[in-house]
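This report describes selected features of one protein model. Please consult the sequence and structure shown here alongside the text.

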Amino acid sequence: MKNVIEAPEEKEESLFEAPPMAEQERMIEAILFATAEPITLRELEARMPHGCDPAEAMVHLRKRYEGRGVHVTKIGDAWAIRTAADLGFLMQKETVETRKLSRAAIETLAIIAYHQPVTRAEIEEIRGVSVSRGTVDQLLELEWIRFGRRKMTPGRPVTFVVTQSFLDHFGLENARDLPGLKELRAAGLLENRPPPGTLPGSESDEDEESSEGQSELFED
């Protein structure tokens with residue numbers, strides 16, 4: 001009995017050649033201008049004709065926009081077209097003003113950004129005061145933080161991490177691009193004050209977040 005040897009399957013080839021790189025640039029440019037949210041290379045590849053190389057086209061497009069009024073910006077693992085940082089003042093009339101965050105919310109957001117993934121207990125330990133449910137809910141509603149994975153510790157507490165919306169809002173590619181402590185102090189975004197509880201009257205820190213009557217944030 002003769003053994004039948006099957007021929008290896010031939011890789012399916014497209015009947016059409018990929019568009020020229022200049023045309024692929026134009027396609028990506030059109031998609032980025034029409035898309036409100038940042039878009040990944042995989043999503044671009046799914047939209048573009050077979051054989052296109054969105055990664056290479058993005059390199060050319062990004063270079064072409066250097067020094068222009070808008071830039072091709074990487075946000076996390078996605079891409080978007082954004083106004084150049086030094087021209088942001090021109091957009092003031094068109095910007096929707098978000099309600100001002102409380103100091104408690106700013107501190108909580110900063111701790112999550114610099115220490116992610118971080119649990120509620122760890123946030124409270126760093127701040128030195130309890131974190132109210134309202135503060136966390138406000139940051140969740142803004143979509144600047146989200147729930148991360150549960151920690152493999154007793155009780156399996158949920159962690160918090162910053163979102164792509166947070167990175168997009170502050171013009172960051174990833175959390176590693178966050179400014180250092182000296183930069184924050186120079187910008188007036190971080191107070192040079194001792195930890196809560198070390199000076200008389202420091203209890204005012206807890207006025208915004210009274211621990212009385214607070215319910216647990218997470219319930220299984």
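## The open sheet

In this predicted model, three strands form an open sheet in the order β4-β6-β5, and their pairing is antiparallel. Because β4 and β5 stand at the edges with a single partner strand each, one side of each has no neighbour in the sheet.

The antiparallel pairing of β4 with β6 extends over two bridges. V118 has F160 in β6 as its bridge partner.

## Helix α4 and its surroundings

Helix α4 comprises 13 residues, which at 1.5 Å a residue should span 18 Å; the C-alpha atoms at its ends are 18 Å apart, so the expected and computed spans agree.

The buried residues of this helix are A104, A105, E107, T108, L109, I111, I112 and A113. These buried residues pack against two of the sheet strands already described, β4 (118–119) and β6 (158–162), and also against β5 (145–150). The helices α5 (120–127), α6 (133–141) and α7 (164–169) are likewise packed against by the buried residues of α4.

## T108 within the helix

T108 is a residue of α4. Its relative accessible area is 0%, and T108 is therefore classed as buried, the cut-off being under 20%. Leaving aside residues up to four places away in sequence, T108 touches I123, R127, V131, T135 and L139.

## A nonpolar surface patch

F89, L90 and M91 make a nonpolar patch of about 290 Å² on the surface. F89 is located in the loop that lies between β3 (78–83) and α4 (103–115).

Notes. Residues numbered from 1 in each chain as written. Predicted model: local features only at pLDDT ≥ 70, side-chain atom pairs only at ≥ 80, totals over all residues. Heavy atoms only, no water. Patch = residues over 30% accessible without salt bridge, like charges linked within 9 Å, V, L, I, M, F, W, Y side chains within 5 Å. Areas by Shrake-Rupley, 256 points an atom, 1.4 Å probe, with all protein chains shown as cover. Salt bridge = Lys/Arg side-chain N within 4 Å of Asp/Glu carboxyl O. Helix = DSSP H or I, 4+ residues; strand = E, 2+ residues; numbered from the N terminus. Expected span 1.5 Å × (residues − 1). Buried < 20%, exposed > 50% of the residue type's maximum accessible area, 1.4 Å probe, protein only. Contact = heavy atoms within 4.5 Å. Pairing = 2+ DSSP bridges.
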